[in-house]
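Please look over the chain below with an eye to its helices, its buried residues and its pockets. The briefing after it is arranged by topic.

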Amino acid sequence: NPDARLAPAALRALRVALETSPGHAIAGPDLRFPDGLPQPSRRRFPNLATLLVESTPLQWRGGGMDGSPGWPLIEPIIRRYQCADLADAPGTVDWISGACLFTRASALAAVGGFDPAFFLYFEETDLAHRLRTSGWTCTYTPEARVFHHGSQSADQNIGARDRHYYASKMTYASRTLGTPLANLVRAEHVVLFGVEALWQFFRGNRAGARRYVALVRNLLA
């Protein structure tokens, strides 16, 4: 990403990770915020529970990953998705944040590269899923460190970010779960964000309410 900066020797470490393991198609680094704090980059493939919870008010209030107490039914879903149970050590993972990826050209060519159906978001998840189906894997390479600001471009237009994110999420859900379950995820999101819009309105946050009303409209479009 344009807001990512490689630490010295990071590129070499990523290259070595692929050179020494022919089955890996992607190597991803240890991501850090500019202040050096960890920025979780490893993920498991989203299942139905993950897609119902991730990036919704359920995660924001009950995920527990920001140091606040998590909700018993929600926190385990987010912890599993974000690989919080794994040691910070090299190893195979389902997929890695697209903020910085080192890829094997032959593997990308074999699966057709990134799918243009994903304009923003979930493009690396979809790519890793197709690679896994074709027998390739991704590897986490903590010897490589990359500093990533995060959402420097997307945060300039929150409405566009929301629109692209949830459109890509529904496309991924449809491809991996099938249309009926993807429609379930969509309907649940409409309810959650509708309630969030009302909550923000009654709190006096009119801008927040308008944001979530727009999100509901996009999901229903």
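What follows describes a helix, the nonpolar cores, a pocket and two loop residues.

The model is a predicted one. Among its elements, helix α7 covers residues 158-177, and the largest nonpolar core has 33 residues. The second largest pocket has a volume of about 280 Å³.

**Helix α7**

- At 1.5 Å a residue, the 20 residues of α7 should span 28 Å, and because its end C-alpha atoms are in fact 28 Å apart, the expected and modelled spans agree.
- The residues of α7 that are buried are Ala160, Asp162, Tyr165, Tyr166, Ser168, Lys169, Met170, Tyr172 and Ala173, and these buried residues pack against α2 (48-53), α3 (57-62), α6 (123-133), α8 (179-202) and α9 (206-220).
- Alanine 167 also belongs to helix α7, but with a relative accessible area of 44% it falls between the cut-offs of 20% and 50% and is therefore partly exposed.
- Although alanine 167 and aspartate 115 are 52 residues apart in sequence, their C-alpha atoms are 14 Å apart in space.
- Directly after α7 comes glycine 178, which takes a positive phi of about 100°.

**Nonpolar cores**

- Within the largest nonpolar core, the residues with the most contacts inside it are Leu131, Phe193 and Leu219.
- Leaving aside residues up to four places away in sequence, leucine 131 touches Ala25, Ile26, Ala107, Val111 and Trp136.
- A second core, separate from the other, has 11 residues, including Ala10, Ala17, Ala99 and Val146.

**Second largest pocket**

- The second largest pocket, with its volume of about 280 Å³, is lined by 16 residues, of which Pro38, Gln39, Pro40, Ser41 and Arg42 are the closest to its centre.
- Strand β2 (residues 24-32) gives the most to the lining of this pocket, contributing 4 residues.
- Sorted by class, the lining of the second largest pocket comprises 9 nonpolar, 3 polar and 4 charged residues.

**Loop residues with positive phi**

- Serine 55 is found in the loop between α2 and α3, and its phi is near 55°, a positive value in a residue other than glycine.
- The relative accessibility of serine 55 is 16%, which is under the 20% cut-off, so serine 55 counts as buried.
- Phenylalanine 122, in the loop between α5 (105-111) and α6, has a positive phi of about 65° although it is not a glycine.
- Phenylalanine 122 likewise counts as buried, because its relative accessibility is 5%, under the limit of 20%.

Definitions and conventions. Residues numbered from 1 in each chain as written. Predicted model: local features only at pLDDT ≥ 70, side-chain atom pairs only at ≥ 80, totals over all residues. Heavy atoms only, no water. Expected span 1.5 Å × (residues − 1). Buried < 20%, exposed > 50% of the residue type's maximum accessible area, 1.4 Å probe, protein only. Contact = heavy atoms within 4.5 Å. 1 Å grid on protein atoms, 1.4 Å probe; cavity = no way out; pocket = protein on both sides within 12 Å on 5 of 7 lines; lining within 4 Å. Points joined across faces, edges and corners; volume = space filled by probe spheres on them. Nonpolar A, V, L, I, M, F, W, Y, C, P; charged D, E, K, R; others polar. Core = buried A, V, L, I, M, F, W, Y, C linked by side-chain atoms within 4.5 Å.
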